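Got your viewer open? Let's take a walk through this model, one selection at a time.

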Amino acid sequence: MGLAEQLAREAGALVHEGRPDRVEVAATKSSPQDVVTAMDLASERLLRERLAQHRPQDGILGEEQGHEPGTSGVTWVVDPIDGTVNYLYGIPAYAVSVAAVVGEPDPATWRVVAGCVHAPVDGRTFTAGLGQGAFLDGRRLRVNSAVPLELSLVGTGFGYVAERRRAQAAVVADLLPLVRDIRRIGSAALDLCTVAAGGLDAYFERGLQPWDLAAASLVAQEAGAVVRGLHGRPAGTAMTVAGPQATVQALTTFLEERAADTGA
Ligand code: LIP
């Protein structure tokens, strides 16, 4: 847990303190809305440099530079800025996510053993170690007790490609009348950590990448959340659902009935 937190804090300081008044888009990926800033790239470079110094035998999987296998069986899965669009617009809901996983860096098979999600604007630092609990600034976290779906505050997010967004909007349109309310924070890592801290009753999203998921899924699980996919599958790109067991079951049933993990 210690190295993950140290690196997340250092990269967080870089992106927060070095944020220019007007952030420029350095590149785009899956669509014109899927942006990369110079700070995304600088943050990942810093994380890779530090990991090469501290853990030279380990592998690294990062959002911007991909997968560099190691020889130790441990891979660091990093998101240099999760919530890049928020960062671009100066909305404070963004974080640096750093996790260590054993096995292939695949959410279907990995074992996340340590993670940190650090939100540099307000300083919130979520940490977790496998079997060691989840913490926010040192305070132990526990998810909310399950409440009926109609009393649940549910987080979600949307992809960057129009067809995917159209399908996601249809799911949310059906869900909104059935829940207390919906929140779209714009950072999956902060969504999952907010579930761990009790600020959301549940969260779901289709399209998460391993780096969005790695550290925050451990924080949520160590806080007592179930984190899973649909039809008994593990959480991953097809679908991630998180929260207390009974709420996840109700939400999963709703999503399975709409085949929300397939299509666009
Ligand atoms: C973001 C996710 C968020 C999702 C956004 C985007 P990024 O990651 O954390 O949950 O809804 O569309 O994918 O692109 O800021 O690293």
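Which strands does helix α1 (residues 2–17) lie across? Select α1 and look at what sits against it: the helix lies across β5, β6, β7 (111–118) and β8 (125–129), and it runs at about 30° to β7. Keep in mind as you go that this is a predicted model.

**Stop 1: the sheet**

Now colour the strands. Eight of them form an open sheet, and the order to follow is β4-β3-β5-β6-β7-β8-β9-β10, with mixed pairing. Go to the two edges: β4 (66–68) and β10 (139–140) each have a single partner strand, so one side of each has no neighbour in the sheet.

Next, zoom in on residues 74–82, which are strand β5, and residues 95–102, which are strand β6. These two pair in the antiparallel sense, over seven bridges. Want one bridge to click on? Pick V77, and you'll find its bridge partner A99 in β6.

**Stop 2: α1 and its helix neighbour**

Go back to α1 and add helix α2 (residues 38–54). Their axes come within 9 Å and cross at roughly 150°. That makes α1 roughly antiparallel to α2, because angles over 145 degrees count that way. The crossing of these two helices is right-handed.

Show the side chains here. From α1, select L3, Q6, L7, E10, A11, L14 and V15; they meet M39, A42, S43, L46, L47, R50, L51 and H54 of α2. Sort this contact by class and you get 10 nonpolar, three polar and two charged residues.

**Stop 3: α6 and α5**

Select α6 and look at the sheet again. This helix lies across β3 (59–62), β5, β6, β7, β8 and β9 (133–136), running at about 100° to β7.

Then add helix α5 (residues 188–196) beside α6 (residues 210–222). They pack at an angle of about 5°, with their axes 8 Å apart, which means α5 is roughly parallel to α6. On the α5 side, the contact is made by A188, A189, L192, C193 and A196; on the α6 side, click D212, L213, A216, S217, V219 and A220. Nine residues of this contact are nonpolar, one is polar and one is charged.

**Stop 4: inside α5**

Is α5 largely enclosed or open? Nine of its nine residues are buried, so the rest of the structure largely encloses α5. Among the buried ones to click are L190, D191, T194 and V195.

Finish just past this helix at G198, which follows α5 and has a positive phi, near 85°.

Key:
Residues numbered from 1 in each chain as written. Predicted model: local features only at pLDDT ≥ 70, side-chain atom pairs only at ≥ 80, totals over all residues. Heavy atoms only, no water. Axes fitted to C-alpha atoms, helices over the stretch in contact; angles between N-to-C directions. Helix = DSSP H or I, 4+ residues; strand = E, 2+ residues; numbered from the N terminus. Parallel < 35°, antiparallel > 145°, perpendicular 65-115°, else oblique. Contact = heavy atoms within 4.5 Å. Nonpolar A, V, L, I, M, F, W, Y, C, P; charged D, E, K, R; others polar. Pairing = 2+ DSSP bridges. Left-handed = near helix turned anticlockwise from the far one by under 90°. Buried < 20%, exposed > 50% of the residue type's maximum accessible area, 1.4 Å probe, protein only.
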